[in-house]
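Reader: I have the sequence open beside the model and would love a close look at one part of it. Could you pick a strand, walk me slowly through its surroundings, and then place it in the rest of the chain?

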Amino acid sequence: MNGVTRILRRLTIAMSIFALAALSLGGTVRLATLVPKDSSFDKSLKRMGQSWREATDGEDRLLVYASGQQGSESAMIKKMEINRLHAALLSGVGLAEIDQSIAVLQQVPLLYRNYDELEHVMEKMAPVFEERIQAKGFVVLGWLDTGWVRIFSKNKLLTPDDMRKSKLFTWAGDAPQTSMLKKMGFRPVPIESTEINSSMSTGLIDTVPMPPFYALASQIYNPAPYMLDFNYAPMVGAVIVNKKTWDGYTPDQQSKIRAAAEEAALEMKESGRAESVESIRVMRDDWNLKVSALTPETREQWQAISKEAYVHIRDNTVPADIWDKVVAILEEYRATKG
């Protein structure tokens with residue numbers, strides 16, 4: 001056998017192996033998320049997977065990669081764009097990387113006073129957000145929120161000035177947010193969300209806004225034993241799928257898959273809100289987390305700094321037209337509710 005023949009034979013074998021590998025992955029929809037493995041969220045996604053399989057008459061199975069196995073949310077989005085991943089459960093920060101308008105849901109401190117306000121805005125704005133996201137090549141299957149982000153820190157922190165002295169985590173890739181924080185005198189440190197714990201341990205950061213259930217799961221209360229207890233911002237998210245995968249389904253299959261995703265999103269919202277409250281109790285009672293509440297004076301300081309931030313957020317973190325719509329919706333709703 002001459003050299004050329006050997007090369008051709010090896011190439012043929014390699015191509016056969018590649019084809020078999022591709023075949024073995026056929027019918028597998030890969031979904032990635034940062035939520036912890038075996039958490040209630042992970043279990044809801046896997047139940048959704050069963051419905052997904054039934055909707056396709058057993059042709060497709062949903063494979064869930066939890067705990068950031070596929071990297072950061074930025075990495076997940078890039079992989080969906082080239083079809084290495086097909087779907088994801090993303091936070092509001094990840095969704096804002098797809099379309100900046102979503103930043104108005106999660107990346108604006110003290111914009112929403114309660115769940116009712118958040119849900120009212122979501123109801124009014126969801127069609128707008130979904131259209132913008134679809135224009136970027138993704139389809140939203142279900143929206144959710146999972147409680148409020150709290151501020152965890154190595155040292156006791158009560159006021160905005162206290163936080164200005166800290167090394168504050170901010171999401172890598174979110175340049176507008178990082179720029180805005182710097183303009184307001186804060187010291188943001190942009191890193192990947194998967195590096196929060198290691199960065200806290202090394203002292204690269206010492207303060208991190210985070211949902212309590214994730215703080216408990218990641219044991220952030222060890223390097224950050226203080227928590228400032230107020231509704232900093234809602235933790236929102238959505239189950240999305242890339243358009244290439246979505247367009248491969250029939251209308252009937254799409255309807256069933258969307259219904260399954262909406263059911264899973266509702267489950268995650270209900271469990272997330274409950275677990276947020278319970279996580280604070282567990283960290284406080286069992287792990288010595290020191291919880292500080294706002295006084296009327298410190299609350300006023302946080303509200304003042306938030307209003308100052310809104311000037312920088314409009315038309316930077318959040319597109320001006322989206323910001324104006326959301327503010328108008330909130331003002332009308334508050335006027336109605338009193």
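Author: Happy to: what follows starts at one strand, moves to a helix packed against it, and ends with the chain as a whole.

A word on the ground rules first. This is a predicted model, so local features are reported only at pLDDT of at least 70 and side-chain atom pairs only at pLDDT 80 or more, while totals for chains, interfaces and linings use all residues. Residues are numbered from 1 along each chain as its sequence is written, and side-chain values use heavy atoms, with hydrogens and water left out.

Our strand is β5, residues 168-171; helices (H or I, at least four residues) and strands (E, at least two) are DSSP runs, numbered from the N terminus. Leu168 lies in β5 and is buried, at a relative accessible area of 2%. Buried here means under 20% relative accessible area, exposed means over 50%, and partly exposed is in between (1.4 Å probe, protein chains only). Setting aside neighbours within four places in sequence, Leu168 is in contact with Met163, Leu181, Arg187, Pro188, Val189, Ile205, Thr207 and Pro209, where contact means heavy atoms within 4.5 Å. One of these partners, Leu181, sits 13 residues further along or back in the chain, and the C-alpha atoms of Leu168 and Leu181 are separated by 9.4 Å.

Thr170 is also placed in strand β5. Thr170 counts as buried too, with 4% relative accessibility. Not counting residues up to four places away in sequence, Thr170 touches Gln177, Thr178, Leu181, Pro188, Val189, Pro190 and Ile191. If you compare the two sets of partners, Leu181, Pro188 and Val189 appear for Leu168 as well as for Thr170.

Now to the helix. The buried residues of α3 pack against β5, and also against β1 (28-33), β3 (87-91), α4 (92-98), β4 and β8 (226-242). The buried positions in α3 are Glu73, Ser74, Met76, Ile77, Lys79 and Met80, so the set includes Glu73 and Lys79.

The ends of this helix are worth a glance as well. Before it, Ser67 sits in the loop between β2 (61-65) and α3 (73-81). Ser67 has a positive phi of about 60° although it is not a glycine, and it is partly exposed at 43% relative accessible area. Just after α3, Asn83 takes a positive phi of about 70°. For background, most residues other than glycine have a negative phi. Elsewhere, Asn288 also has a positive phi, of about 60°, in the loop between α12 (251-287) and β9 (290-293); with 51% relative accessibility, Asn288 counts as exposed.

What about β4, which the buried residues of α3 also pack against? Asn155 is placed in the loop between β4 (138-153) and α7 (160-164), and at 48% relative accessibility it counts as partly exposed. From Asn155 to Ala88 the C-alpha atoms are 35 Å apart, with their positions 67 residues apart in sequence.

Aromatic side chains give another set of landmarks. The structure holds nine aromatic pairs. Rings of Phe, Tyr and Trp (its six-membered ring) pair if their centres lie within 6.5 Å; planes under 30 degrees apart count as stacked, over 60 as edge-to-face and the rest as tilted. Trp52 and Tyr249 form an edge-to-face pair, 6.3 Å centre to centre with 70° between the planes. This pair links distant parts of the chain, 197 residues apart: Trp52 is in helix α2 (residues 40-55) and Tyr249 in the loop between α11 (243-246) and α12. Trp52 is buried at 1% relative accessible area, and Tyr249 is buried at 9%. Phe230, Tyr232 and Trp302 form one aromatic cluster.

Finally, the wider setting. The secondary structure of the chain comes to 14 helices and nine strands. Of its 338 residues, 52% count as buried. Among contacts between residues at least 6 apart in sequence, 75% join residues at least 24 apart. Along its principal axes, the C-alpha trace spans about 85 × 45 × 40 Å.
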